[in-house]
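This report deals with the empty space inside one protein model and with the residues around that space.

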Amino acid sequence: MTPQVEWYVSLIQAFIVINLVMATFAYLTLAERKIMGRMQLRYGPNRAGFRGLLQPIADLLKLLNKESFQPTEAINWAFILGPFLAAFTALVTFSVIPFGPGWEVGGVYIPGQVADLDIALILVFAVGSLGVYGFILGGWSSDSKYALLGSMRTCAQLVSYEVALALSVLGVVIMAGTLSLTEIVAAQDDTWWYAAPQFVGLIVFLVAGTAETARAPFDLPEAEQELVAGYHTEYGGMRFGLYSMSEYINLITLSALCVTLFLGGWHGPGFDGASWTGPLWFIGKLVFLLFIFIWMRTTLPRLRYDQLMRFGWKVLLPVATINAVITAILVVAL
Amino acid sequence: MSILPSTRIYEGTRIPHPVPTILEVDPEKHRLDDILRVNFGPNHPSTHGVLRLVVDLDGETVAGIRAVIGYLHTGFEKNMEHKSWWKSVTYAPRIDYVAFHANELLYVLAIEKLLGIGVPRRAVWARMAMAELNRIHSHLVWLGTSALELGAISLFWYCFDDRDQILDLFEMAGGARMHTRYVQVGGLAEDLPPAFTAEARKFCESMPKSVDEYEAILDRNAIWLERTKGVGLLSADDALALAQSGPMLRSTGVDWDLRRDMPYLAYDEVEFDVPVYPNGDVYDRYKVHMDEMRESVRIVAQCLDRLDETDGEPWIADDRKVVLPPRHELHTSMESLIHHFKIVTEGFIVPEGEVYVAIESPRGEAGCYLVSDGGPRPWRVKFRAPSFAALQATATIVQGLLIADLIAAAGSLDPVMGDADR
C-alpha cells in the first residue's frame, strides 16, 4: 500500500514537473536543431548564448513579442481555443508517468509521479484523443484551404494510428495484468523489460507513435512542401508557439510512455542503484528515444497520404492485433 | 533520334484538349460542389520560385490544373536590344540563373556565329569544362530541392555542399560565383588560373563518390521509391508533341541529346554516354539526372587533360575589331588605343543577319535566336527556354495525382522561373 500523499506535495510536484517538461521541450527544440545541423553538415544555432544555449529563450521572447493576428473570417472562439486545448492536453498526460520509486524526505512521502491512477494508461489515451480536437479546431476555424486540408489529414491520421497505438500496448497490459503505469514499471523489476517479449509491440508502438505525434516520415499534417504549414498555417506568435509546444510535448510524453511500458521505466538495466538514480535512468532512456526520433526526421522522406493510410490499416493494425492475441494465448497457456 | 521500346506507359495521349496546358474539371463535379480550388503559389514553399498552380482538388486528388507564369518576367530580351553586343552578355546568365554558364555560352556562341569568328582551342575546352560543371551544379540544385520536397531534408545540404565546390571553381576562374560572365565573344575573359585544373581534378575525383552516396541514400529507401515510381507519367509521343527536351525527354525513352546529335564546341571529340530511361516517371527523371552527373564528370576530366595540353596557348581570338587589345599595347600602339576606344564606347559591329543556335543546357534544348541589323546592338534577341517548354507538360503529367505527388511531379519538370518568364 502506497503511503498517503499530502496535497501540498502533489501541488509542488506538479509545478516542478510541468516546468521540467517545459524546459525539456525548450531544449529539445535546440537539441533537434543542433543534431539536425550536425547531420546536415552545418552548425545549427550557435549565436544566442554559449554555443546557442540561450536559443530557446530567444525563440520564446520572439514569439511572445509577435502580434497574434487572425484571419477576419476565422471563427473566433475556436481559433483561440485550438492551441490552448492542444497545449493543455499535452501537458496533462505527463502527470501519470512514473519517473522514480518515491522518496521519504523529512517524514514527508514524495511519490515517483504526480498522480498514481489505476487506469493511468487509459487516461493517457483518452486525453491524447482530446488533444486531437485542438488540431482539428485550429485548422477548421482558420478559414484557410491549406489549414483545412492539414486538419483533415491530421484528423484521419491521428484517428487511424491511435487504434494501432492502443492495440500495440495491449500485450504489455496483458502481461502485467494492470493498467496502472506504476505497477507496469514494478512488473518489469528484476526481470526482462517488456521490450524483449513485446518486441513487436515496441516496434508498432514506435511507428504508430511517430505518426501520432506527426513526426517525419509521417509529418503529413504539416507537410510544409505541400500544405505550407498544415493546420497552423494561419497562426502566428505565441499561439503558434503553443501548437509547436504541444507537438514537442506530445513527443516527449510518447517517449516517456514508451520508456515506462517497454524499457523498464526508471529501473536500471539489471540493477537499481540508490533511489535517486531512478529519474536519471528514466531521463537517459528518454533522451535516447528522442534522439532516434530526430535521427529519423533527418533521414527519411515523407510518405504520401494514401500510403500512410494503407500502412496504418493494412500493416500496423493487423500486426498489433496478432501480437495482442498471441500474447494473450501465451499468458493463459503458460 | 531513336525511341526505346518500352512497356506502354499509357494508352493514347493524355494531353488535355482543347488547350494542352489547362486541365479542365468535369463540369458535373463543379455542379455538385465537390471541387476545392486551391492556389499553389506564386508564394508557396515548393514551387521553384514563382510558379503559380491553380489546382482544383477533389478530396486530395488533383482534378484540374492551370499553371500560371509571368511573375518573374524581367524583360531581359528587350533590355538586351538596348545594350551593345558585348554589354548584353551579362543579361544571358541571369535568365536561367541556375544554368548560368549555359545561357551565357549560348548567347556568345550565337554572336560568334553571326560574326563568323574562330575561337582558340583552349577557350573551347575551358568553355566545355565549365558547361559540364554547370550542368552538375544545376542537377545538384534540382536533386536537393526535389528531395526536400519529398521530405528528405538532409540531402539538400549534401547537394549544396558539392554545389559549393563547383561555385568555388567558377570563382577561381572568373572571380564571381554565379553569373560569372567568363565567356567573352572570341574566347574567354581571361586565362584560367594555373591551379584551376588541379582543383577541378580534385572535384572530379570526389563527385562520382558523392553521386553514388546520394543514390544509396535514395534508391535503398522504400519511401523514396514509392513516392517517385509511376508518378508524373509522360509518354514519348506526348513528350515530343509538347516539345520536351533534355532530361524530361530522355526519361521517356527518346534518345536525343544535342551534345551528341548536333555537336557544338568540341563535344564530338570527347567520350560520353547519353543516359536514357523508358518509363517517363519521376523516378526515371531522377535516374537521368544522376547518370548525367556521372557523365558530366567524365567530360570534365577529358576537358581538363586538353586544358593541360593547351597550357600557355591563347585563350581569346586575335581579332582586334571584336576583342579588346591587350592592356600593355594601349601605351605603345595608336591603333590598339583606337580599337579599345571604339569597342568600349560604341561596341563592336556584327554583320547583318539572323541566326538560331541551340545547345543542350542542363534543362534541355536552350536556343537563342538573334537578328542583327549590322549595328553595335542586337536588333532582336529571343531565347528558347527549356523551362518554358517543360512547364507545358504540367497539365499532362499531373492527371489523377494526389497533392503530394503534384509537388513531386511539378518539381521533376525542373523549371527555373527566370528561364520560363524571362
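The text below describes one pocket and one cavity, with a table of their linings.

The model is predicted, so local features need pLDDT of at least 70 and side-chain atom pairs count only at pLDDT 80 or more, while totals for chains, interfaces and linings use all residues. Residues are numbered from 1 along each chain as its sequence is written, chains are lettered from A and ligands numbered from 1 in the order in which they are written, and side-chain values use heavy atoms, without hydrogens and water.

The second largest pocket (on a 1 Å grid over the protein atoms alone, an open set of points with protein on both sides within 12 Å along at least five of seven lines) holds about 510 Å³ of space. Closest to its centre, of 18 lining residues (an atom within 4 Å of a point), are A:Ile16, A:Val17, A:Leu20, A:Phe99 and A:Ile283. Helices (DSSP runs of H or I, at least four residues, numbered from the N terminus) H1 (7-39) and H11 (277-299) of chain A each supply at least two lining residues.

Seven cavities (sets of points where a 1.4 Å probe fits but cannot get out) of 30 Å³ or more are present. Of the 19 residues that line the largest cavity, A:Val124, A:Gly128, A:Glu212, A:Asn250 and A:Leu254 are the closest to its centre. Helices H3 (76-93), H4 (120-141), H5 (145-168) and H10 (237-262) of chain A each give two or more residues to this lining.

| Space | Volume | Top contributor | Lining by class |
|---|---|---|---|
| Second largest pocket | about 510 Å³ | H1(A), nine residues | 16 nonpolar, two polar, no charged residues |
| Largest cavity | about 270 Å³ | H4(A), seven residues | ten nonpolar, seven polar, two charged residues |

Conventions: Points joined across faces, edges and corners; volume = space filled by probe spheres on them. Nonpolar A, V, L, I, M, F, W, Y, C, P; charged D, E, K, R; others polar.
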